[in-house]
Amino acid sequence: MELSPKQQINELIKNNQNILIVSHKKLGGDALGAMLALEKVLAKLEKNVSIISSENIDKLYDYLPGLDKIKSDILGTRDLIIRLDTDKTPLEKLSYNQEERFVNVVISPKKGKINQSDIEFIQGNFKFDLIFVLDTPDVEKIDKVYDQETELFFETPIINIDHHAGNEYFGTVNLVDLTATSTCEILVSVIESFGTGHFDEDVATCLLTGIIADTESYKNINTTPKSLTISAQMLAAGARQQEIISNLYK
């Protein structure tokens, strides 16, 4: 039997350790809330998580817990590997030393000499095993990290979670619910599938931020009984509703 998208997400998380979370350009409350909530939950699952947004974030959202976890670019994405065939050129030793701002890698052959043509420079594997792309209908709208590290997105499994009509289902796994008010609303059920105990005050506040932002505090026509029920669930988990309302609307 084919696994559901939530089951596939669980399998990918279980089998991978280093996870990247990105969203679209010009982040709003839904994308930010979803990214930060997911990071907190994955950290509880003892995963190594990075959140990337290359653009400045509106000070409106300074209250969101964990905002400092969002970095502007990916550091150390891949190793540079220096390759030498030791069958062809047996080594006496391999060492390195540093001269001011330079690092010298010293390769000493057992006999003869090593020519530059004997050395190959190659890129190592990407340091991410899995990518979440949240609240983003197509790859052209992904944060510009996609343009900077396009190869990473082609070589790494992508989980695409979104609620927008026109989503292009670009992920390895696509969880797209057009009836949901927000990506945060969808993410609540995803987090529930991880097991119990993941909704603390901070996670609930991030998720409720997304729902309130995308329904304009329940004034939009897209507000549904489900979105109200999930909002009540987040309040019961400790979401700081007045803090959200105060920052977004007052």
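**Exercises on a predicted model**

In H7, Ser-227, Ile-230, Ser-231 and Met-234 are buried (buried: under 20% relative accessible area; exposed: over 50%; 1.4 Å probe, protein chains only). This is a predicted model, where local features need pLDDT of at least 70 and side-chain atom pairs count only at pLDDT 80 or more, while totals for chains, interfaces and linings use all residues. Residues are numbered from 1 along each chain as its sequence is written, and side-chain values use heavy atoms, without hydrogens and water.

**Exercise 1.** Place the buried residues of H7 around its axis, and find what they pack against.

*Solution.*
- Take the arc of the directions from the helix axis to the C-beta atoms.
- The buried residues cover only 105°, which puts them on the same side of H7.
- Pro-225, Thr-229 and Ala-236 are exposed on the other side.
- The buried residues of H7 pack against helix H5 (183-192) and H6 (contact: heavy atoms within 4.5 Å).

**Exercise 2.** Treat helix H8 (residues 241-249) likewise.

*Solution.*
- Ile-244, Ile-245 and Leu-248 are buried.
- Their arc is only 95° around the axis, so they lie on the same side of H8.
- Their cover includes helix H6 (201-215).

**Exercise 3.** Check the span of helix H7 (residues 225-236).

*Solution.*
- H7 has twelve residues.
- The expected span is 1.5 Å times one less than the number of residues.
- That gives 16 Å; from first C-alpha to last, H7 reaches 17 Å, close to the expected value.
- Just after H7, Gly-238 takes a positive phi of about 110°.

Technical notes. Helix = DSSP H or I, 4+ residues; strand = E, 2+ residues; numbered from the N terminus.
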